[in-house]
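Me: I would like to go through this structure with you and ask, for several of the terms used, what justifies them.

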There are 2 protein chains.
Amino acid sequence: MAVYTHLGAEDMAALLAPYHLGDLVSAKGIAEGVSNSNWLIETARPAGETARFILTMYEFRIEIADLPYFLGLLDHLAAKGCPVPRSIHDDAGNLYRVVDTARGERALALIEFLPGVSLGDPTPGQARAVGAALATLHGAAADYPATRANGMGLAEWQRLAQECGADGLASIAPALAEMVAEHLPRLAAQWPTGLQTGVIHADLFPDNVLMQGETVTGLIDFYFACNDILAYDLAVTHAAWCFDASGEAFRPDLSAALLQGYASVRTLSTAEQAALPLLAQGAAMRFAMSRAYDWLNTPADALVTRKDPLAFARRLLFYADPANSGVFAA
Amino acid sequence: MAVYTHLGAEDMAALLAPYHLGDLVSAKGIAEGVSNSNWLIETARPAGETARFILTMYEFRIEIADLPYFLGLLDHLAAKGCPVPRSIHDDAGNLYRVVDTARGERALALIEFLPGVSLGDPTPGQARAVGAALATLHGAAADYPATRANGMGLAEWQRLAQECGADGLASIAPALAEMVAEHLPRLAAQWPTGLQTGVIHADLFPDNVLMQGETVTGLIDFYFACNDILAYDLAVTHAAWCFDASGEAFRPDLSAALLQGYASVRTLSTAEQAALPLLAQGAAMRFAMSRAYDWLNTPADALVTRKDPLAFARRLLFYADPANSGVFAA
């Protein structure tokens, strides 16, 4: 979470000129995003009205070819009333621009600033609201015309596991290597087909939800959005919201509220309901593998904080335990 | 430049409760400050009016005993109309509070948010405004009753040079070790006495000045403020504003404008005028030494970006060169 590229006020003003937003009043680099630099920008028109935006410079990991999918999705969802930031188009109608910086060519985009705070310790009422917002998003995106494959799906978990190697995983923790050896082939063999697909957020952690009280004011950071199984998105959100940070303590109250909230907007099919325990194991495997890879490939004192892969290994074991099969019961 | 301590929305709301600012609407960690974590906070009262603040958590290097000097100075200057952020007092009137965090006890303070942007490439008109703002600050602080010794004065440059050692300095660059060996004893022998002292900012780099056009909207980051020679503060500001980032290219237009701006508000005495070349060498030595120490004691890939000590070694040689003695001529 850092600002990777320094931008002086003059650079910033030049970057913003094609958006005709008025004069730059304030620009603060904000500590959000691990793959991009972000600034909270305020502008003022001569008449005095001010507006706020987030300027994002894409630094790593993102394919510029994917930006129309991500940014167009924001506009599609915002037009349907979902609490997502609209993208701001430049005077030529472009969703994003490519600029030269001291660090090379970078794509940048401007989106609306939304109020709200990210929760550290949600209540059931807040988890219910998030479940409902996710189901609403799934419905609103149903007619989004573009598609994007899930770059963090099963094949990628397998590739990451292979890149880490059994020894690499064991160097993080022997239990992690054992978990992968036991569960990854089984997930691959049992992964469901035929469930309803659509546009999913795929990364709806508390960090990516802005709230005021029990109202969701912003769903943000759509840079893993893709087309995949809708119920898998619910499983990802469940894994992200219903445990403490270490992955040890399951919170049945948050789980029940999140699932109720989702079901209040979109009814899960019998097949989706039945698949949820397996989908949740997949969600846990996805984050365990990306975190394990980052753990082994990020210097311990780099700008980006390493996140513990074991927190998601524990969640996987929780979801795989038949004693917990009631968690997703209708 | 980072946020060192994670605060969830609930922690943040609890921290803000004793300030009675209304409900927390937004909180963004901002990438400013190397010794503290900062958040840009927005609050709303039931009637709907919103306000913005900077919440600062002091992480390193700062003595809590110094906070009343720094924060009280902001209030003193703001009351006199200087563009500095007022400190916000809690319901018991405290300027700061000490709280428990996951990383231990931390002091925190809340100050006003000010608009404006930090310049990367100032114009002479902007440098003139900064010179005038500095002189105005010196005047407004003349009756500030508290005092604080300069912890980054000559004795500290000598201590840092000793800590680095000739070998350490030479490991950064042989020219740096030579510069220190030649000029530090001379500065110590010639350092002026008897010049007017008062409250100085002592670190007025472009990062610490917020501007809109040619108007200074904020002088910020007073955490090196102290009582010392007033003209030394002008010399620090000169060294910080009148060269390119590498310290190679002197900008006579910015230099003339900055000095004119200062003189338009406060007349330098003949002795101050004569001392400026030496004071400027001291200013350059101060930043060369603190940067050299940080260079040798900061891991290359730590959160904090290392700044090049040579940029200020070059400025020192510029100021020490008799060919440049006209820079500070009245």
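Me: What makes helix 6 of chain A count as mostly covered?

Reply: This is a predicted model, in which local features need pLDDT of at least 70, side-chain atom pairs count only at pLDDT 80 or more, and totals for chains, interfaces and linings use all residues. Residues are numbered from 1 along each chain as its sequence is written, chains are lettered from A in the order in which they are written, and side-chain values use heavy atoms, with hydrogens and water left out. Buried means under 20% relative accessible area (1.4 Å probe, protein chains only), and 12 of the 12 residues of helix 6 of chain A are buried, among them A:Tyr232, A:His238 and A:Trp241.

Me: Why is the relation between chain A and chain B called a two-fold axis?

Reply: Superposed by least squares on the C-alpha atoms of residues with pLDDT of at least 70 in both, chain A falls on chain B after a rotation of 180° with 0.0 Å of shift along the axis (RMSD 0.0 Å), and that is therefore the relation of a two-fold axis. In chain A, the C-alpha nearest this axis belongs to A:Ile30, 2.1 Å from it.

Me: What makes B:Arg52 and A:Glu42 a salt bridge?

Reply: The term requires a side-chain nitrogen of Lys or Arg within 4 Å of a carboxyl oxygen of Asp or Glu; the closest N and O atoms of B:Arg52 and A:Glu42 are 2.8 Å apart, so the pair qualifies. The count between chain A and chain B is 2 salt bridges.

Note on methods
Buried means under 20% relative accessible area, exposed over 50%, partly exposed in between (1.4 Å probe, protein chains only). Helices (H or I, at least four residues) and strands (E, at least two) are DSSP runs, numbered from the N terminus.
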